[in-house]
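Grab a pencil and work through a handful of short exercises on the model below. Each one sets a task and then walks through a solution.

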Amino acid sequence: PAQTPEELYGVETVQGFQAKGQARYERHFLNKEEYFETDKIQNLKNMIELCQKKGITPILITTPFTVYYNQYVSDEFLQGFYATIQSLTSAYGISYYDYSHDERFQTALQYFGDADHLNEEGANYFTNLLMEEIPELKAYLETH
């Protein structure tokens, strides 16, 4: 049988990640007037356009988060987020890859510094996955 996170990492570690997840969520979401600020979306559009102008293929990626962060993120927020991403990918003809709920990471606490940031080991593992799984990156690496 698969081991629980508590069995793998210890109750104290898991409780620490649960507390970090709630704290990170509160920092990112509580008391926000607006989640999708027009100026930030415009900045992203400007970066995409700059990349395309310079012959660089932009791709959008959401990095992995732990279940201890994701459990707090509302469906309402996710719907708005994915709608915003969808409008950008459609408008610019670019790809989006979502690793936010990836099973390989959700409870793999050895890869995280806190509930929503990879540590060095996690970053290395994730980078290797990207090089294998992202077609645009794979194609680039094969020709450079």
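**Exercise 1: the fold in outline**

Task: Write down the order of helices and strands from the N terminus on.

Solution: This is a predicted model, so keep that in mind throughout. Start with the tally, which is seven helices and four strands. Now put them in order: starting at the N terminus, the elements read α-α-α-β-α-α-β-β-β-α-α. For the overall dimensions, take the principal axes; the C-alpha atoms fill a box of roughly 50 × 45 × 25 Å. Finally, look at burial: 31% of the 144 residues count as buried.

**Exercise 2: the largest pocket**

Task: Work out how much space lies in the largest pocket, and which elements supply at least two residues each of its lining.

Solution: Begin with the volume, which comes to about 920 Å³. Next, find the middle of the pocket: 29 residues line it, and those closest to its centre are Y35, F36, T62, F77 and F81. Then go through the elements. The helices that each give at least two lining residues are α2 (11–29), α3 (38–53), α4 (67–70) and α5 (75–92), and the strands that do so are β1 (59–62) and β2 (95–98). Helix α5 has the largest share, with seven residues. Last, sort the lining by class: you get 17 nonpolar residues, six polar ones and six charged ones.

**Exercise 3: a salt bridge across the sequence**

Task: Find the partner of D116 in a salt bridge, and decide whether D116 is buried or exposed.

Solution: First, the general idea: side chains of opposite charge can pair when their charged atoms come close. In this model the partner of D116 is R24, and their closest N and O atoms are 2.8 Å apart. Now place the two residues. D116 sits in the loop between β3 (112–114) and β4 (117–118) while R24 belongs to helix α2, so the bridge ties together parts that are 92 residues apart in sequence. For burial, use the cut-off of under 20% relative accessible area. D116 has 5% relative accessibility, so it counts as buried. R24 has 15%, so it counts as buried too.

**Exercise 4: the other pairs**

Task: Say how many salt bridges there are, then describe the ones formed by K40 and R104.

Solution: The count is five salt bridges. Take K40 to begin with: its partner is E37, with 2.8 Å between the closest N and O atoms. E37 is partly exposed, at 27% relative accessibility. Move on to R104, whose side chain meets that of E133 at 2.5 Å, N to O. This pair links distant parts of the chain, since R104 is in the loop between β2 and β3 and E133 is in helix α6, 29 residues apart. R104 has a relative accessible area of 32%, so it is partly exposed. E133 is partly exposed as well, at 30%. To round things off, salt bridges that share partners join R24, D114 and D116 into one network.

**Exercise 5: an unusual backbone angle**

Task: Look at N31 and work out what is notable about its phi.

Solution: Recall the general trend: most residues other than glycine have a negative phi. N31 is not a glycine, yet its phi is positive, at about 60 degrees. Where is N31 found? N31 is in the loop between α2 and α3. As for accessibility, exposed means over 50% relative accessible area. N31 has 79%, so it is exposed.

**Exercise 6: a nonpolar patch and two distances**

Task: Name the residues that make the nonpolar surface patch, then get the C-alpha separations of H28 and L78 and of G16 and Y125.

Solution: The patch is made by M131, Y140 and L141 and covers about 270 Å². Of these, M131 lies in helix α6 (residues 120–133), and its relative accessible area of 34% makes it partly exposed.

For the distances, start from H28, in helix α2. H28 is partly exposed, at 27%. H28 and L78 are 50 residues apart in sequence, and 13 Å separates their C-alpha atoms.

Then turn to G16, also in helix α2 and partly exposed at 28% relative accessibility. Between G16 and Y125, 109 residues apart along the chain, the C-alpha separation is 23 Å.

Note on methods
Residues are numbered from 1 along each chain as its sequence is written. This is a predicted model: local features need pLDDT of at least 70, side-chain atom pairs count only at pLDDT 80 or more; totals for chains, interfaces and linings use all residues. Side-chain values use heavy atoms; hydrogens and water are left out. Patches are made of residues with over 30% relative accessible area and no salt bridge: like charges are joined within 9 Å, nonpolar side chains (Val, Leu, Ile, Met, Phe, Trp, Tyr) within 5 Å. Accessible areas come from the Shrake-Rupley method with a 1.4 Å probe; for residues, only the protein chains shown count as cover. A salt bridge is a side-chain nitrogen of Lys or Arg within 4 Å of a carboxyl oxygen of Asp or Glu. Buried means under 20% relative accessible area, exposed over 50%, partly exposed in between (1.4 Å probe, protein chains only). On a 1 Å grid over the protein atoms alone, a cavity is a set of points where a 1.4 Å probe fits but cannot get out, and a pocket is an open set with protein on both sides within 12 Å along at least five of seven lines; lining residues have an atom within 4 Å of a point. Grid points are joined across faces, edges and corners, and a volume is the space filled by probe spheres set on the points. Ala, Val, Leu, Ile, Met, Phe, Trp, Tyr, Cys and Pro count as nonpolar, Asp, Glu, Lys and Arg as charged, and the others, Gly among them, as polar.
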